Amino acid sequence: MESEDDFDMHDANNESGEDDFYSGGDDDAGAMSAYDDSDADVADYVFIDNDSDNSDDLVSYRYQQNYTILSEVDIRQRQEDDIMRISTVLSISKVEAGILLRYYSWSVSKVHDEWFADEEKVRRSVGLLEKPVVPFPDGREMTCGICFETYPYVQLHAAACGHPFCNSCWAGYISTSINDGPGCLMLRCPDPSCAAAVGQDMINALASDEDREKYFRYFIRSFVEDNRKTKWCPAPGCDYAVDFILGSGSYDVNCRCSYSFCWNCIEEAHRPVDCGTVAKWILKNSAESENMNWILANSKPCPKCKRPIEKNQGCMHITCTPPCKFEFCWLCLGAWSEHGERTGGFYACNRYETAKQEGVYDDAEKRREMAKNSLERYTHYYERWATNQSSRQKALADLQQMQSVHLEKLSDIQCQPESQLKFITEAWLQIVECRRVLKWTYAYGYYLPEHEHAKRQFFEYLQGEAESGLERLHQCVEKELQVYLNAEGPSKDFNEFRTKLAGLTSVTRNYFENLVRALENGLSDVDSHGACSRMRSSKSLGGGSSRGRSGKGKGSTSRSSGSSRNVDDSAHWSCEYCTFANVKSATLCQMCQQRR
């Protein structure tokens, strides 16, 4: 038998802590810092604050984190800590502690509860034997229980049960189990009648280097995949895991690889829309139902072979494709041989008009019209959802270019340190986040019941105001900034631009905070009489100004139906620079300090 020292896992030689564009900033130790449970009750959907000092970090500082990002080094350390804790408390070897933790899905508390409730039952279930079933004598030859060859005892190994098998058979047994998958972590004695667990010490002693490496990979992954509080980041190629504080509110997670996702459903981050709505939307986008709707709305079946045929131009004389070749009238679907000048010629059909008046085609036409309306409605929301997604990707690319190239150039031109230009980065960060939120509001709007007119009206108002603010901000940071990037020297009005952009960033954040809050509350600001709650909207939205709605910034997503304006502006005036709603008595804008 191998000594317990062989249990030690591979050294972590390569710590994946390289800084990249989206990295958390300082070092891995920062990611391992503990988060107080008291933070769980704090509202953790916080848009970017202009006072933040960490403008180089795209993700982690935007939320009050209720999770920890774990690298492979962190996972190994946590495994070692849990194993050592169990080994110390239960007075068992580290090998046995590892087996126990794997059996109970790496739950230290569950191991403690079960062990102290009935130690004997736990040992039987897990396969931890206190005494060998078969004595393993030293100094003489024995027969292997698999190949039935006789070997000296030094060429034999046994688990805690004592059943002897030769090294060659052990190696084959272990290799086969490892190649079969993660089930090798619960390996038992090869003897069919024995349930003794095979520990990691046996793997270290008898497995090949390749199989040992596979085993350790399974071992590492089991700590994440078997633990209900941890999950892998779903981004392709990402090796980070997330340790989450369950019951802490928001499920949004921002990995160090730059990918944002929902911890609950593992889809991309989608607040303020719930996971159920996201699942329905994604299924609808990938389902064949929309194809069938399109076919029903835009085609008719051949009267003979029933294949769908689309007609987009030409006369009413239709010939089906080979081998059918049936000729028929597009309007009444009757054989073309029965048509001619007396039925209206090539561009009309008297039979169809007569039958339509008699109601013969009512059901078919109604189904086709319903399918067409449904398809148009879905297309309306999907196009805007997809447009905001592409705009967000473009904004991410622009932000990366701004940080890597333009900030240094702007610093040189305007003779200002880069630390004084963080307001530009914060504006881009706000755009990226708001594009994501705005994208998912279209999925929310699609599933908002048509009969709830007041809620739909209020939703479209909030969405429209947030969208308008975002377009103004996007246009300012994308277009107006170019003037200062192309300047030959310091610009006198650069400080005014700073004030304007910072104000627009703040106002846009207010718009989207209000939108997110309203949607997560189920649009509860709509009262039983169908009127929108005006006071709260007027205070937090900025007065309902619609300036910039017609501007076509990148990813403009104007809607086909206008949003009504229910905000009372009688006690407020809207700033021309940042659109913030100020009280009527104020002479300076409270947001951007511009004079009225």
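1. Helix α6 in this predicted model covers residues 167-180. Its 14 residues reach 20 Å from the first C-alpha to the last. That is close to the 20 Å expected at 1.5 Å a residue. After the helix comes G181, with a positive phi near 125°.

2. The buried residues of α6 are C169, W170, I174, S175, S177 and I178. Their cover includes two strands, β4 (156-157) and β5 (165-166). It also includes two helices, α7 (200-206) and α8 (209-225).

3. Take the α6 and α8 pair next. General background: two packed helices are described by the angle between their axes and the distance between the axes. Here the angle is about 45° and the axes lie 10 Å apart. The two helices, α6 and α8, are therefore oblique to each other. The crossing of α6 past α8 is left-handed. On the α6 side, S175, I178 and N179 make the contact. On the α8 side, D211, K214, Y215 and Y218 do so. By class, the contact residues of α6 with α8 are three nonpolar, two polar and two charged. Note that S175 and I178, which touch α8, are also among the buried residues of α6.

4. Helix α4 (residues 108-117) and helix α5 (residues 119-126) form another pair. Their axes come within 5 Å and cross at roughly 115°. From α4, the contact uses E114, W115 and A117. From α5, it uses E119, V122 and R123. The residues of this contact of α4 with α5 divide into three nonpolar and three charged, with no polar ones.

5. Now the backbone points worth checking. General background: most residues other than glycine have a negative phi, and most peptide bonds are trans. A cis peptide bond joins R271 to P272, with omega about 15°. P272 sits in the loop between β9 (260-262) and α9 (275-286). Another cis peptide bond joins P322 to P323, with omega about 5°. P323 is in the loop between β12 (317-319) and β13 (327-329).

6. Two serines have a positive phi. For S105, phi is near 55°. S105 belongs to the loop between α3 (94-103) and α4. Its relative accessible area is 33%, so S105 is partly exposed. For S258, phi is near 95°. S258 is placed in the loop between β8 (252-254) and β9. With a relative accessible area of 27%, S258 is partly exposed too.

Methods
Residues numbered from 1 in each chain as written. Predicted model: local features only at pLDDT ≥ 70, side-chain atom pairs only at ≥ 80, totals over all residues. Heavy atoms only, no water. Helix = DSSP H or I, 4+ residues; strand = E, 2+ residues; numbered from the N terminus. Expected span 1.5 Å × (residues − 1). Buried < 20%, exposed > 50% of the residue type's maximum accessible area, 1.4 Å probe, protein only. Contact = heavy atoms within 4.5 Å. Axes fitted to C-alpha atoms, helices over the stretch in contact; angles between N-to-C directions. Parallel < 35°, antiparallel > 145°, perpendicular 65-115°, else oblique. Left-handed = near helix turned anticlockwise from the far one by under 90°. Nonpolar A, V, L, I, M, F, W, Y, C, P; charged D, E, K, R; others polar.
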